[in-house]
Amino acid sequence: MRTHVPRLVIAAPASGSGKTTVATGLMRAFADAGLAVSPHKVGPDYIDPGYHALATGRPGRNLDAYMCGPERVAPLFLHGSAGCDVAVVEGVMGLYDGAAGQGELASTAHVAKLLRAPVVLVVDASSQSRSVAALVHGFASWDPEVRVAGVILNKVGSDRHEALLREALEESGVTVLGAVRRAGQVHTPSRHLGLIPVAERRADAVEAVAEFAARVREGCDLKALLALAHSAPPLPEEPWDPAAALWAGVPQGGTGGHNATTGPHPNGAPVIAVAGGPAFTFSYAEHTELLRAAGAKVVTFDPLRDESLPADTSAIVIGGGFPEMYAAELSANEPLRTAVAELARSGAPIAAECAGLLYLARTLDGKPMCGVLDADARMSERLTLGYRDAVAIADNPLAAAGTRVRGHEFHRTVIEPAAGATPAWGFTHPRRQVEGFVQGGVHASYLHTHWAGAPGTASRLVARARR
C-alpha cells in the first residue's frame, strides 16, 4: 500500500538561520487554518519537538537515521503522521550536515531523500542581497536527489531589500515562498543546551509560538507552501507499529531476550513509572508506545512535586532533562528520593539516562540526590555532544551483554567516577571508553538511545518488571 502524506522539510544553510521559528510558525499557521498537522524534527533534539507539539496539539516526533536506522525513517514518519492533513519536518543544523565523519548520514538532506519530500530553504538574508542567489543555487544543485523547491527569506530589512533579493533569485530557478521581516526578538530564552523547554515556560511559550505563526502568515505564501507539500509523492513503506516492532526486535542482539513477551499479564500489567515535569522533559513518544505495546501500564510522575512513586510501581524510567536547574527542589523532595532508593535496593529495574543518571547520584552540585550510585555530579564548562556507537558491557535491564546500540550524548555536566565497577556501555565510536553504571536492577548512563532503533529494549524492561 502506498501512503500519501503531504509534507515539507524546512531546512537552512546553517544553524541560526531561523528554521525553528519558521517551521514552528508554519505548523501553527496550518493548524490555525483548520489542518491536522504532524510535527517532526530531524535528529536527536528533544527541545524543539516540545514547541512543535504546542503549535500543533500532537506529539513532536524525531526522525533520526543514525539512532533508528535509515530504513525506519519513513515508517516512523508515517506512524506519526497518520490521519494528518500535512506534515512539517524541521531540519537540523545546515541542510547537508550529518553525523561527523559519516557523510550524509542523519543529515536533513538524507532524511528529505528518505521521505521523498520537497525542501524549503530558510535563508538569513540580513547581510546580503544579490549573493543570496549564489548561496541558494549552490544548495539546490549540490545533490540532484535533494529537491530544494522553495526559499523563505528571513530577517529581511525593508521593501527595497526584499525587492533586491527576489530579483536576484529569479535567475536561480528556486521559487521565493516567503519573506519574513526583521523585527524585535520574540522572547525565546536559551541556556546551556538550547531553548528553555516548553514545560518550564508554558505561558510564555504559547505567546512565542503565536508570534511565530503571525510572522509566517504575514510574510509567507501559505497556499503555495501547502501546494508544494501536496506535490510530494506517495510513500511505499508501511507505517511503523510498536507491537510489530517488539516481535521483530526479540531475537535481534538479545535485547528483548527470549522471555520477553507482550500482551496482558495474568496478574495485571506491570506499572512502569516514567519521570516527567519541568526537570525531566526529554523523551521520545515511541518509548511510551513500546512500553504499552509490551504490556506495561505507564504512569508519569514528577520528581519535583510527587512525594511517592505511583502505586504498585515495578520499574522506573528516568529520561533526560535539566535536573541541574532544579537541584535544590529535587533534593528537598526527600520522601521521593527515599522511595526511589528503596526500589533500587529491591532489585527492581530502573533505566536512567543523562538527567536520570544525575538524579540517581549521591549529589548534584553538592545537593543530596537519591544516593543509588556512589558517584557525584556537577555542572561543567565543557559541552559533551555527539553520536556514539556503544556495546553493552554486561546483562542489564535494557540489553544483554554484547548488544550494540547507537545513541547520542548532550550535556554540560560530569559525574565522578564516570563508570561503576560494572559499566553500562563501552563506546566504540568516536572514542573508546567505558561509561555508566550497572548495579542490581539499575542501568544509568549519559547515553540517550531511541528505542525504535532497538525495540527489544522495551520488551526486556517490561519482562524484568514482571518478575
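**Notes on a predicted model: two sheets, some helices and a few unusual backbone spots**

1. Let me start with a strand pair. Strand E13 (residues 350-353) and strand E21 (residues 442-445) run parallel to each other, joined over four bridges. If you want one residue pair to click on, take Ala 351, whose bridge partner in E21 is His 443. Please keep in mind as you read on that this is a predicted model.

2. That pair belongs to an open sheet of six strands, with the order E11-E10-E12-E13-E21-E20 and mixed pairing. Its edges are strand E11 (297-301) and strand E20 (437-439), each of which pairs on one side only. From one strand to the next, the twist averages 15°.

3. A record is worth having at hand for this part of the chain. UniProt, in an unreviewed entry, places the feature "domain: CobB/CobQ-like glutamine amidotransferase" at residues 272-453. In the model, that span is 18% helix and 38% strand, and its end C-alpha atoms lie 21 Å apart.

4. Now to the other sheet. Seven strands form an open sheet in the order E3-E2-E4-E1-E5-E6-E7, and here the pairing is parallel. The edge strands are E3 and strand E7 (175-181), each pairing on one side only. The twist averages 25° from one strand to the next. As a general reminder, strands of a sheet pair through backbone hydrogen bonds, either parallel or antiparallel.

5. For a closer look at one end of the seven-stranded order, try E2 and E3, which pair in the parallel sense over three bridges. Val 42 stands opposite Leu 63 in E3. A helix packs on this sheet too: helix H1 (residues 19-32) lies across E1, E2, E4, E5 and E6, and runs at about 165° to E4.

6. Which residues of helix H4 are buried? They are Thr 108, Ala 109, His 110, Val 111, Ala 112, Lys 113 and Leu 115. That makes seven of the eight residues of H4 (residues 108-115), so the helix is largely enclosed by the rest of the structure. You may like to note that a lysine, Lys 113, is among the buried residues. The cover over them includes strand E1 (7-11), strand E2 (37-42), strand E3 (61-63), helix H3 (70-80), strand E4 (86-90) and E5.

7. The backbone around H4 deserves a check in your viewer. Ala 106 sits in the loop between E4 and H4, and has a positive phi of about 70° although it is not a glycine. Its relative accessible area is 5%, under the 20% cut-off, so Ala 106 counts as buried. Just after H4, Arg 116 takes a positive phi of about 50°. For context, most residues other than glycine have a negative phi.

8. Helix H5 (residues 131-142) passes a simple length test. Its twelve residues, at 1.5 Å a residue, should span 16 Å, and the end C-alpha atoms are 17 Å apart, which agrees. What about its faces? Val 132, Ala 133, Val 136 and Phe 139 are buried in H5. Seen down the helix axis, the buried residues of H5 fall within an arc of 135°, so they line one face. On the other side of H5, Ala 134 and Trp 142 are exposed. Among the elements covering the buried residues are strand E5 (119-124), strand E6 (148-156) and helix H6 (159-169).

9. E6 also holds a positive phi. Lys 155 is placed in that strand, and its phi is about 60° although it is not a glycine. Is Lys 155 buried or partly exposed? With 30% relative accessibility, Lys 155 counts as partly exposed.

10. Finally, two cis peptide bonds to look up. One joins Glu 416 and Pro 417, with omega about 0°; Pro 417 lies in the loop between strand E17 (404-416) and strand E18 (425-429). Another joins His 429 and Pro 430, with omega about 5°; Pro 430 lies in the loop between E18 and strand E19 (433-435). In general, most peptide bonds are trans.

Note on methods. Residues numbered from 1 in each chain as written. Predicted model: local features only at pLDDT ≥ 70, side-chain atom pairs only at ≥ 80, totals over all residues. Heavy atoms only, no water. Pairing = 2+ DSSP bridges. Axes fitted to C-alpha atoms, helices over the stretch in contact; angles between N-to-C directions. Expected span 1.5 Å × (residues − 1). Buried < 20%, exposed > 50% of the residue type's maximum accessible area, 1.4 Å probe, protein only. Arc of directions from axis to C-beta. Contact = heavy atoms within 4.5 Å. UniProt positions renumbered as here; feature names shortened; annotations may be inferred.
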